[in-house]
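Here's a quick tour of a protein model, pitched for someone just getting started. Keep the 3D view open and follow along as you read.

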Amino acid sequence: TNIIQAGSNTNSIEVIQQGDNNFADIIQLGIDNEVILIQEGENNFFTILQDGNGNAANVNQLGEQNFTVTQIGNGMVVNITQYKN
């Protein structure tokens with residue numbers, strides 16, 4: 001997991017990864033941004049850029065999923081759940 005946070009100490013990130021070869025690249029700029037990422041299984045890949053204030057991303061990926069989120073602005077929320085059987 002690569003994390004870059006700039007702006008203020010009110011940005012928060014929670015990452016839970018279980019399995020093999022999971023990767024997360026998270027960049028947060030601004031204030032009051034939040035990422036909650038859960039990746040389970042193998043070969044999950046997630047990237048996010050949040051630039052602004054009060055943005056939130058809640059992501060659950062299970063089993064070989066890929067997702068990229070870019071939120072530029074204020075007060076945006078994204079909720080993502082991906083499963084692979």
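Let's start with Asn43, which counts as partly exposed at 36% relative accessibility. Keep in mind that this is a predicted model. Asn43 sits in the loop between strand E4 (34-40) and strand E5 (45-53), and its phi is positive, about 60°, even though it's not a glycine.

**Asparagines in loops**

- A bit of background: most residues other than glycine have a negative phi.
- Asn21 is a non-glycine residue with a positive phi, near 60°.
- You'll find Asn21 in the loop between strand E2 (12-18) and E3.
- Is Asn21 buried or exposed? Its relative accessible area is 60%, so Asn21 counts as exposed, the cut-off being over 50%.
- Asn55 belongs to the loop between E5 and strand E6 (56-62).
- With just 1% relative accessibility, Asn55 counts as buried, since buried means under 20%.
- What does Asn55 touch, if you skip its neighbours within four places in sequence? Its contacts are Asp32, Asn33, Glu34, Gln50, Gln71, Gly73, Asn74, Gly75 and Met76.

**The open sheet**

- Four strands form an open sheet in the order E1-E3-E5-E7, and the pairing is parallel.
- Strand E1 (2-7) and strand E7 (66-72) are at the edges, and each has a single partner strand, so one side of each has no neighbour in the sheet.
- From one strand to the next, the twist averages 5°.
- In general, strands of a sheet pair through backbone hydrogen bonds.
- How many bridges join E1 to strand E3 (residues 23-31)? There are 6, and the two strands run parallel.
- To see where E1 and E3 line up, look for Asn2, which stands opposite Asp25 in E3.

**The nonpolar core**

- The largest nonpolar core has 11 residues in all: Ala24, Ile26, Val35, Leu37, Phe46, Ile48, Ala57, Val59, Val69, Val78 and Ile80.
- Which strands each supply at least two residues of this core? They are E3, E4, E5, E6 and strand E8 (77-83).
- Ile26 is one of the core residues, so it's a handy one to click on.
- Leaving out neighbours within four places in sequence, Ile26 is in contact with Asn2, Ile3, Ile4, Ile13, Val15, Val35 and Ile48.
- Among those contacts of Ile26 are Val35 and Ile48, which are also listed in the core.

Note on methods. Residues numbered from 1 in each chain as written. Predicted model: local features only at pLDDT ≥ 70, side-chain atom pairs only at ≥ 80, totals over all residues. Heavy atoms only, no water. Pairing = 2+ DSSP bridges. Axes fitted to C-alpha atoms, helices over the stretch in contact; angles between N-to-C directions. Buried < 20%, exposed > 50% of the residue type's maximum accessible area, 1.4 Å probe, protein only. Contact = heavy atoms within 4.5 Å. Core = buried A, V, L, I, M, F, W, Y, C linked by side-chain atoms within 4.5 Å.
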